Amino acid sequence: MKRTERPTRERVSAHRERLRAAGRIYVNTDLPADLVAQLDQIKESRGAASRAPIIEEAVRLLIEKQQGA
């Protein structure tokens with residue numbers, strides 16, 4: 001390992017700490033395969049790099065709906 005390289009665990013920890021400092025919280029869950037397949041279709045059609053922004057939008061829409069906005 002090069003001196004400038006950090007182990008993966010340290011890099012992930014530092015990344016999550018930066019996210020927390022930005023007011024974001026890591027959430028982990030499991031979903032049925034059919035929902036993940038549909039989520040991946042939406043991700044691909046929008047050109048998103050990951051599922052995260054699609055899930056974030058879905059949660060925001062659900063909250064807005066529940067609040068009657």
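The largest pocket in this predicted model has a volume of about 990 Å³. A good place to start looking is around I25, V27, A52, I55 and E56, which lie nearest the centre of this pocket among its 27 lining residues.

Which helices build the wall? Helices α1 (8–21), α2 (33–46) and α3 each supply at least two residues of the lining. The largest share comes from α3, which gives eight residues. As for chemistry, the lining of the largest pocket divides into 15 nonpolar, seven charged and five polar residues.

Now let us turn to V27, one of the residues nearest the pocket centre. You will find V27 in the loop between α1 and α2. Is V27 buried or exposed? With a relative accessible area of 68%, V27 counts as exposed, because the cut-off for that class is over 50%. A52 is another of the residues nearest the centre. Between V27 and A52 there are 10.0 Å in space, C-alpha to C-alpha, and the two are 25 residues apart in sequence.

From here, follow I55, which also lies nearest the pocket centre with the residues named above, out to the surface. Together with V59 and I63, I55 forms a nonpolar surface patch, and the three share about 230 Å² of accessible area. I63 sits in helix α3, which covers residues 52–67. How exposed is I63? Its relative accessible area is 43%, so I63 is partly exposed, falling between the limits of 20% for buried and 50% for exposed.

Note on methods: Residues numbered from 1 in each chain as written. Predicted model: local features only at pLDDT ≥ 70, side-chain atom pairs only at ≥ 80, totals over all residues. Heavy atoms only, no water. Patch = residues over 30% accessible without salt bridge, like charges linked within 9 Å, V, L, I, M, F, W, Y side chains within 5 Å. Areas by Shrake-Rupley, 256 points an atom, 1.4 Å probe, with all protein chains shown as cover. Salt bridge = Lys/Arg side-chain N within 4 Å of Asp/Glu carboxyl O. Helix = DSSP H or I, 4+ residues; strand = E, 2+ residues; numbered from the N terminus. Buried < 20%, exposed > 50% of the residue type's maximum accessible area, 1.4 Å probe, protein only. 1 Å grid on protein atoms, 1.4 Å probe; cavity = no way out; pocket = protein on both sides within 12 Å on 5 of 7 lines; lining within 4 Å. Points joined across faces, edges and corners; volume = space filled by probe spheres on them. Nonpolar A, V, L, I, M, F, W, Y, C, P; charged D, E, K, R; others polar.
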